[in-house]
Amino acid sequence: MTAKPRVFVTHPLPGTAVDRLRESAEVVVGASGRGLADPAFADFASTFDGVVTLLTDRIDKALLARCPKLTFVANVAVGVDNIDLAECAARNVTVTNTPSVLTEATADLAFGLMLAAARRIAEGDRLVRAGGWKGWSPTFMLGSAVHGATLGIIGMGRIGRAMARRARGFGMQVVYTQRTRMAPEMERAMGARYAPVDHLFVMSDIISVHCPLTPETRHIVSADRLALMRLGSILVNTSRGGCVDEAALAAALARGPIRAAGLDVYEDEPNVHPALLALSNVVLAPHIASAEVNTREAMASVAVDNAIAVLEGRLAPHAVEGAGA
Ligand code: DGY
């Protein structure tokens with residue numbers, strides 16, 4: 001009898017997906033929080049045929065060199081910026097991700113952060129709990145309107161489009177930017193106008209970031225672009241922290257022109273830039289956009305489907321372009 005391929009799952013996953021994987025592979029699940037440093041992986045790296053990873057696991061050249069048998073990296077995330085795609089391609093390691101299943105959950109959270117930042121919900125909550133509320137007043141805690149505002153979407157992929165659909169329900173105007181412009185009929189169907197990136201910063205009352213983190217999009221929200229934003233405008237980021245220059249954002253929140261921000265992701269997670277922590281006009285969520293029971297189970301399930309496909313010699317349903325065969 002031939003031995004089953006060995007797969008390391010870097011963290012216990014919700015639901016029953018890992019049980020399915022056990023039918024096709026000898027599965028080792030790492031202890032919570034240890035990731036690839038778990039001795040169950042670190043001491044046996046060269047024996048594994050595949051890894052199921054989280055966005056917190058770094059798959060770089062050095063790691064890949066320790067795993068000569070590796071045929072796949074199945075990331076339990078849509079973002080793959082934690083993985084060296086070029087090196088995986090060079091080594092013929094298939095990289096997969098979990099798109100679609102977290103689209104709505106992520107757009108829900110982005111919309112929630114937008115409302116919370118614009119209408120000062122978290123700030124108000126802190127004030128009430130601290131006993132600082134002195135009663136209703138016509139000039140107390142004025143925020144800015146979401147309904148009717150112009151929403152600028154950076155990255156009109158699945159999540160950006162889900163954000164645009166929600167925005168239409170709030171009577172917002174939608175402007176978007178991305179590398180490739182959508183077809184005119186798609187723009188009409190989405191009720192979204194294209195704008196080059198710098199124009200979008202000038203035109204929007206609220207900007208929401210939904211592009212993947214790549215060398216091209218690192219600090220796409222830069223100091224120069226923040227300076228283009230409208231007085232009193234708002235920034236939301238549920239994509240990756242590296243898309244925003246956090247130091248520049250903190251400065252823009254302290255001095256203007258922008259009035260508030262809602263963030264779920266950070267440049268150096270789980271650390272948050274101290275200048276952001278010191279500001280009351282930024283709502284800080286701990287990277288929870290997909291943290292909803294059904295979504296997380298579905299992400300685990302899609303990652304396992306991808307892994308099983310590679311183990312069975314089939315094309316993975318969600319192989320990431322530009323990575324191995
Ligand atoms: C992803 O899948 O990339 C998300 O950030 C997870 O919440």
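# A first look at this two-domain model

Asp-38 sits in the loop that runs between β2 (26–29) and α2 (39–42). Welcome to a predicted model, and Asp-38 is a good place to start. With a relative accessible area of 6%, Asp-38 is buried, because buried means under 20%. Once its neighbours within four places in sequence are set aside, Asp-38 is in contact with Phe-8, Gly-30 and Ala-31. From here, the briefing turns to the domains, the salt bridges and some details of the backbone.

**The two domains**

- The domain assignment of the protein gives domain 1 as 6–101 + 294–311 and domain 2 as 103–284. Domain 1 is thus written as two stretches of the chain, while domain 2 is written as one.
- The C-alpha centres of domain 1 and domain 2 are 32 Å apart.
- To the contact between them, domain 1 brings 8 residues and domain 2 brings 5 residues.

**Where the domains meet**

- About 570 Å² of area is buried between domain 1 and domain 2, and carbon and sulfur atoms give 46% of that area.
- Which residues of domain 1 supply 63% of the area that this domain buries against domain 2? They are Leu-55, Asp-81 and Ser-100, and these supply more than any other three residues.
- The rule finds 1 salt bridge across the interface of domain 1 and domain 2.
- Asp-81 and Arg-240 meet through their side chains in a salt bridge, at 2.9 Å from N to O. Asp-81 also belongs to the trio that supplies 63% of the area buried by domain 1 against domain 2.
- Polar contact across the interface of domain 1 and domain 2 involves 3 residue pairs, with both residues at pLDDT 80 or more.
- On the side of domain 1 that touches domain 2, the residues divide into 4 nonpolar, 3 polar and 1 charged.

**Salt bridges through the model**

- How many salt bridges does the rule count? The count comes to 15.
- One salt bridge brings together the side chains of Glu-26 and Arg-6, at 2.7 Å from N to O. Glu-26 lies in strand β2 and Arg-6 in strand β1 (residues 6–9), so this pair ties together parts that are 20 residues apart in sequence.
- The partners in that pair sit in different accessibility classes: Glu-26 counts as partly exposed at 38% relative accessibility, whereas Arg-6 counts as buried at 17%.
- Arg-181 and Glu-187 also meet through their side chains in a salt bridge, again described from N to O, at 2.7 Å. Is Glu-187 buried or exposed? Glu-187 is buried, with a relative accessible area of 10%.
- Arg-314 forms a salt bridge with Glu-312, and their closest N and O atoms are 2.9 Å apart. Arg-314 is partly exposed, with a relative accessible area of 46%, and Glu-312 is partly exposed too, with a value of 47%.
- Elsewhere, salt bridges that share partners join Glu-104, Asp-108, Arg-165 and Arg-166 into one network.

**Parts far apart along the chain**

- Ala-86 is found in helix α4 (residues 85–90). This residue is exposed, with a relative accessible area of 57%.
- Ala-86 and Gly-322 are 236 residues apart along the chain, yet their C-alpha atoms are separated by 7.1 Å.

**Cis peptide bonds**

- Gly-256 and Pro-257 are joined by a cis peptide bond, with omega at about 15°. Pro-257 is found in the loop between α11 (246–255) and β11 (258–263).
- The peptide bond from Glu-269 to Pro-270 is also cis, and its omega is near 0°. Where is Pro-270? Pro-270 lies in the loop between β11 and α12 (274–277).

**Positive phi values**

- Arg-120 is a residue other than glycine, yet its phi is positive, near 60°. Its place is the loop between α5 (103–118) and α6 (121–129), and Arg-120 is partly exposed, with a relative accessible area of 21%.
- Met-141 is not a glycine either, and its phi is positive at about 50°. Met-141 is found in the loop between α6 and β6 (150–154) and counts as partly exposed at 23% relative accessibility.

Technical notes:
Residues are numbered from 1 along each chain as its sequence is written. This is a predicted model: local features need pLDDT of at least 70, side-chain atom pairs count only at pLDDT 80 or more; totals for chains, interfaces and linings use all residues. Side-chain values use heavy atoms; hydrogens and water are left out. Domain bounds come from an automatic or database domain assignment. Contact means heavy atoms within 4.5 Å. Buried area is the accessible area (1.4 Å probe) that two parts lose on being put together, summed over both. A salt bridge is a side-chain nitrogen of Lys or Arg within 4 Å of a carboxyl oxygen of Asp or Glu. A polar contact is a pair of N or O atoms within 3.5 Å; within protein, one must be able to donate a hydrogen and the other to accept it, and residues adjacent in sequence count only if both atoms are side-chain atoms. Ala, Val, Leu, Ile, Met, Phe, Trp, Tyr, Cys and Pro count as nonpolar, Asp, Glu, Lys and Arg as charged, and the others, Gly among them, as polar. Helices (H or I, at least four residues) and strands (E, at least two) are DSSP runs, numbered from the N terminus. Buried means under 20% relative accessible area, exposed over 50%, partly exposed in between (1.4 Å probe, protein chains only).
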